[in-house]
Amino acid sequence: MTDGRCALIGAELVCACGFGTDACIRDLYAGKDAFVPVDRFATEHLPAKLAGTVPGLRTKGNSSLCLPLLEFLAPSVAELPESTPVLVASTVGEIDRLYDPMRRCTLNLLLEDALNVFHKNKGRIISAACASTNAAIDRARRMILSGMCETVIVAACDLVSEFAFSGFASIGAMTDGMARPYDRNRSGLLLGEGAGILILASEKAAVHHEVPAWIAGSGMSGDALHITAPRPDGAELEAAIRRALGTVPPEEIGAIVGHGTGTKYNDEMEINAIRRIFGDKIPLASAKGACGHTLGASGMIQAVLAVETLRRKSLFPQTGLETPEPGAEQMVSRKEQTAAGQYVLSLNSGFGGLNAAVLLEAQP
């Protein structure tokens, strides 16, 4: 494990709640959901009819729906040197170009567009399923702490596509109702889409910047159990959390921004892991009840919410919650919860048993 921290000196976000971090934070703290009927492709044969799509998102010619999202984010990194590395987190990239006659990798297409739009000359894709953003943050932190670079751009983008929609439907992971993370009667996820940027910097490079939060730790692990199902006891997620905590005592964590997909197995596994480390009273919430499961971009939304939680000392309400899952009754709430302490934890778990945890620390 790499010890040390790096600064978060910039962030921007797009999700179904709207364009910009302010719009997303406002609706998520208001407990609103942003689900609308899908009109990009036929859903009559699929169990779900709703998704968290970005309002007003349209293609430009033959380009991907990712392009206008990247263009919105670009001003956030315009002043950074061309040589600043870009880590692009995504599960499937520009999947809306899957049937492009050139038959090119949709992840590579996303990377190329991101570098062109951001005017940067080097980068790579971090594709760790739904743990992609937290995995990218972990990689960026290690790059900075090792002295490899002073600043790293972490970007993320994933879309609501027919490919992803039908894929989740085929494994029975989607609900025909509403997404209800950590709810006893949850019946599956609803998809969402999102894109965002985090700018991470060394302590030296951050001297002349406002620092809303620090990345104080990160950890990853792998279940090595099943292609989609997580390890039920949450042991490997627990391992990732403990790596992220390092020497920080669990009682100093004020809240957890969880993965919380609203599926039976993910939420059960996550609650098991959390209870073994923190007991059953730590505040917990997932953004997916409001804006959907944004795949590889999930951790981007969570990072922005974690920073806001540190600023407000208050965790956003759990949208969609009716009856908490047994064992989580004192963790989740339909109302905002006090988040005491200097730290907030963000958790991601993805297909293939990929787990990634990021520890954020408030600026003193």
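This note goes through a predicted model point by point, from the overall fold to single residues.

1. Overall shape. The chain has 364 residues, and a compact globule with that many residues would have a radius of gyration near 21 Å. The chain has 19 Å, which agrees with the globule value. Along its principal axes, the C-alpha trace spans about 55 × 50 × 40 Å.

2. Secondary structure and contacts. The chain holds 9 helices and 15 strands. Of the contacts with a separation of 6 or more, 79% are between residues 24 or more positions apart. Buried residues make up 62% of the 364 residues.

3. Helix H6. This helix covers residues 235-245. Its buried residues are Ala235, Leu237, Glu238, Ala240, Ile241, Ala244 and Leu245. A student may note that Glu238 is on this list, and that Glu counts as charged. The buried residues of H6 pack against two elements given here with their ranges, strand S9 (213-222) and strand S10 (253-257), and also against H7, S14 and strand S15 (354-362). After the helix comes Gly246, with a positive phi near 60°.

4. The largest pocket. What is the volume of the largest pocket? The value is about 430 Å³. The pocket is lined by 22 residues, and the closest to its centre are Ala173, Thr228, Pro230, Thr263 and Phe351. Two or more lining residues come from each of helix H7 (264-278) and strand S14 (343-350). H7 gives the largest share, 3 residues. By class, the lining has 9 nonpolar, 12 polar and 1 charged residues. H7 and S14 were also named in point 3, as elements against which the buried residues of H6 pack.

5. The largest cavity. How many cavities of 30 Å³ or more does the whole structure have? The search finds 1. The largest cavity has a volume of about 30 Å³. Its lining is made of Leu28, Ser286, Ala287, Gly289, Ala290, Phe316, Pro317, Gln318 and Thr319. Of these residues, 5 are nonpolar, 4 are polar and none is charged.

6. Cysteines. A disulfide is a covalent bond between the sulfur atoms of two cysteines. The search of the whole structure finds 0 disulfides. Why is Cys17 without a bond to the closest cysteine sulfur? That sulfur, in Cys15, is 3.9 Å from the sulfur of Cys17, which is too far for a bond, because a disulfide needs the two sulfur atoms within 2.5 Å. Cys157 is in no disulfide either, and the nearest cysteine sulfur, that of Cys66, is 3.3 Å away. Cys17 counts as buried because its relative accessible area is 10%, and buried means under 20%. Cys157 is also buried, at 1% relative accessibility.

7. Ala339. This residue sits in the loop between strand S13 (337-338) and S14. Is Ala339 buried or exposed? With 2% relative accessibility, Ala339 counts as buried. If neighbours within four places in sequence are left aside, Ala339 is in contact with Gly254, Ala255, Thr309, Lys313, Ser314 and Leu315. Gly327 is 12 residues from Ala339 along the chain, and the C-alpha atoms of these two residues are separated by 19 Å.

8. Ala129. Although Ala129 is not a glycine, its phi is positive, about 55°. Ala129 lies in the loop between strand S6 (123-126) and helix H4 (132-145). Its relative accessible area is 16%, so Ala129 is buried.

9. Ala224. Here too phi is positive in a residue other than glycine, with a value near 55°. Where does Ala224 lie? Its place is the loop between S9 and H6. Ala224 is exposed, because its relative accessible area is 77%, and exposed means over 50%. To put the two alanines side by side, Ala129 is buried, whereas Ala224 is exposed.

Key: Residues numbered from 1 in each chain as written. Predicted model: local features only at pLDDT ≥ 70, side-chain atom pairs only at ≥ 80, totals over all residues. Heavy atoms only, no water. Buried < 20%, exposed > 50% of the residue type's maximum accessible area, 1.4 Å probe, protein only. 1 Å grid on protein atoms, 1.4 Å probe; cavity = no way out; pocket = protein on both sides within 12 Å on 5 of 7 lines; lining within 4 Å. Points joined across faces, edges and corners; volume = space filled by probe spheres on them. Helix = DSSP H or I, 4+ residues; strand = E, 2+ residues; numbered from the N terminus. Rg over C-alpha atoms; globule rule 2.2 N^0.38 Å. Contact = heavy atoms within 4.5 Å.
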